[in-house]
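Subject: Structure for you to look at

Hi,

Here is the structure I said I would pass on. Could you load it in your viewer and keep it open while you read the rest?

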Amino acid sequence: MKPTMEILENVKQNSTRNKDEVFTRLYRYMLRPDLYYQAYQNLYTNNGASTQGVNEDTADGFSKAKIERTIKMLADETYTPHPTRRTYIQKANGKMRPLGIPTFTDKLVQEVLRMTLEAVYEPVFLDCSHGFRPNRSCHTALKSIKTGFNNGIRWFVEGDMKGCFDNIDHSALVGIINSKIKDACSSS
C-alpha cells in the first residue's frame, strides 16, 4: 500500500497543475492509520498536546488502539467530536479572548483533515495570502511588503474581525469546499 503522505503529495501536484480539478473520494484517506501517526508527530511537540479538553484525553494516551477506534468510528460514521473546553486568555489590551480547547482525539482528527484539505487547497491560494499557511506568517507578509513595495508605502489599513470564526456562514463555507471536493463522505 502506498503511504498516504505520498498520495497527498500527488493530490497537491495535481491541484498545482490543474487549479480547476475536482477531487473525489478523499474521505478514504481519513481511514488510513499512517496519516494518524504523521498527525501525532505534528501535534505532540506542541505545548497544548498535554492540555486536557473536556475529558482526560491527551497526547499521552496515543496508541495504535486509539487510532483503530477513531478510524472505526469514522468508517461507520459514528464519530462525534466532543464539545471544546472554553477558557479565556488575556489580550495585550486587557480584554479577554475566548479559547476553545478540544480533546486530543478531536485535535488528531482535525489534523488529519487539515493535511488532506491542505493538499487540495494550498496550491490554489494566492501568493499574497499569508494567514494560517505552511511557512507563512505575519513576518513573511511584512517581508513581502518590504520587497514588493520598494517605491514606498503611504498607508496601511489594519483590521480585526471580531468573532470572525464564530460568525462564518457555514453553508457558504461548505459551498466553497464543494467547488473543489466532491466526496459523499463514504468510506467506499
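Below is what I found in it, going from the overall layout down to single residues.

First, a caveat: this is a predicted model.

**Overall layout**

The protein has 188 residues, of which 27% count as buried. It holds six helices and four strands, and from the N terminus on the order is α-β-α-α-β-β-α-α-α-β. Along its principal axes, the C-alpha trace spans about 55 × 45 × 30 Å. If you take the contacts between residues at least 6 apart in sequence, 71% of them join residues at least 24 apart.

**The core**

Nonpolar side chains in soluble globular proteins tend to be buried together. Here the largest nonpolar core has 29 residues, and the ones that touch the most other members are Met-30, Tyr-36, Leu-74, Phe-104, Leu-108, Val-112 and Val-120. Four helices each supply at least two residues of this core: H1 (4–17), H2 (33–44), H3 (64–75) and H4 (104–121). H4 gives the most, with eight residues.

Phe-104 is a good place to zoom in. Leaving out residues up to four places away in sequence, Phe-104 touches Tyr-40, Leu-43, Ala-49, Asp-57, Thr-58, Ala-59 and Phe-62.

Have a look at Thr-70 too, in helix H3. Is Thr-70 buried or exposed? Its relative accessible area is 2%, so Thr-70 is buried. Beyond its neighbours within four places in sequence, Thr-70 is in contact with Tyr-36, Tyr-79, Thr-105 and Val-109. Tyr-36 was also on the list of core residues above.

Tyr-27 is in the loop between strand E1 (23–24) and H2. Tyr-27 counts as buried because its relative accessibility is 13%, and the cut-off is under 20%. The C-alpha atoms of Tyr-27 and Leu-113 are separated by 8.8 Å, although the two residues are 86 apart along the chain.

**The hairpin**

Strands E2 (residues 85–90) and E3 (residues 96–101) pair in the antiparallel sense, over six bridges. To check the register, take Ile-89: its bridge partner in E3 is Arg-97. The two strands form a hairpin with five residues between them, and Gly-94 in the turn has a positive phi of about 95°.

**A pocket between two helices' residues**

The second largest pocket has a volume of about 170 Å³. Its lining consists of Met-5, Leu-8, Glu-9, Lys-12, Arg-114, Met-115, Glu-118, Ala-119 and Glu-122. H1 and H4 are the elements that give two or more residues to that lining.

One of the lining residues is Glu-118, which sits in helix H4. At 28% relative accessibility, Glu-118 counts as partly exposed. The C-alpha atoms of Glu-118 and Lys-12 are separated by 8.0 Å, with their positions 106 residues apart along the chain. Not counting residues up to four places away in sequence, Glu-118 touches Pro-123 and Pro-134.

**Backbone angles to check**

Most residues other than glycine have a negative phi. Which residues here go the other way? Arg-25 has a phi near 55°, and Glu-77 has one near 60°. Arg-25 is in the loop between E1 and H2, and with a relative accessible area of 41% it is partly exposed. Glu-77 lies in the loop between H3 and E2; at 52%, Glu-77 is exposed.

**Cysteines**

How many disulfides does the structure hold? Zero. Cys-128 is in no disulfide, and the nearest cysteine sulfur, that of Cys-138, is 16 Å away. Likewise, Cys-138 is in no disulfide, with the sulfur of Cys-128 as its nearest, 16 Å away. A pair would need its sulfur atoms within 2.5 Å to count as a disulfide. Cys-128 is exposed, with a relative accessible area of 60%, and Cys-138 also counts as exposed, at 53%.

That is the tour. If you want one place to begin, try H4: it gives the most residues to the largest nonpolar core, and it also gives two or more residues to the lining of the second largest pocket.

Cheers

Note on methods
Residues are numbered from 1 along each chain as its sequence is written. This is a predicted model: local features need pLDDT of at least 70, side-chain atom pairs count only at pLDDT 80 or more; totals for chains, interfaces and linings use all residues. Side-chain values use heavy atoms; hydrogens and water are left out. A nonpolar core is a set of buried Ala, Val, Leu, Ile, Met, Phe, Trp, Tyr and Cys residues joined through side-chain atoms within 4.5 Å. Buried means under 20% relative accessible area, exposed over 50%, partly exposed in between (1.4 Å probe, protein chains only). Contact means heavy atoms within 4.5 Å. Two strands pair if DSSP finds at least two bridges between them. On a 1 Å grid over the protein atoms alone, a cavity is a set of points where a 1.4 Å probe fits but cannot get out, and a pocket is an open set with protein on both sides within 12 Å along at least five of seven lines; lining residues have an atom within 4 Å of a point. Grid points are joined across faces, edges and corners, and a volume is the space filled by probe spheres set on the points.
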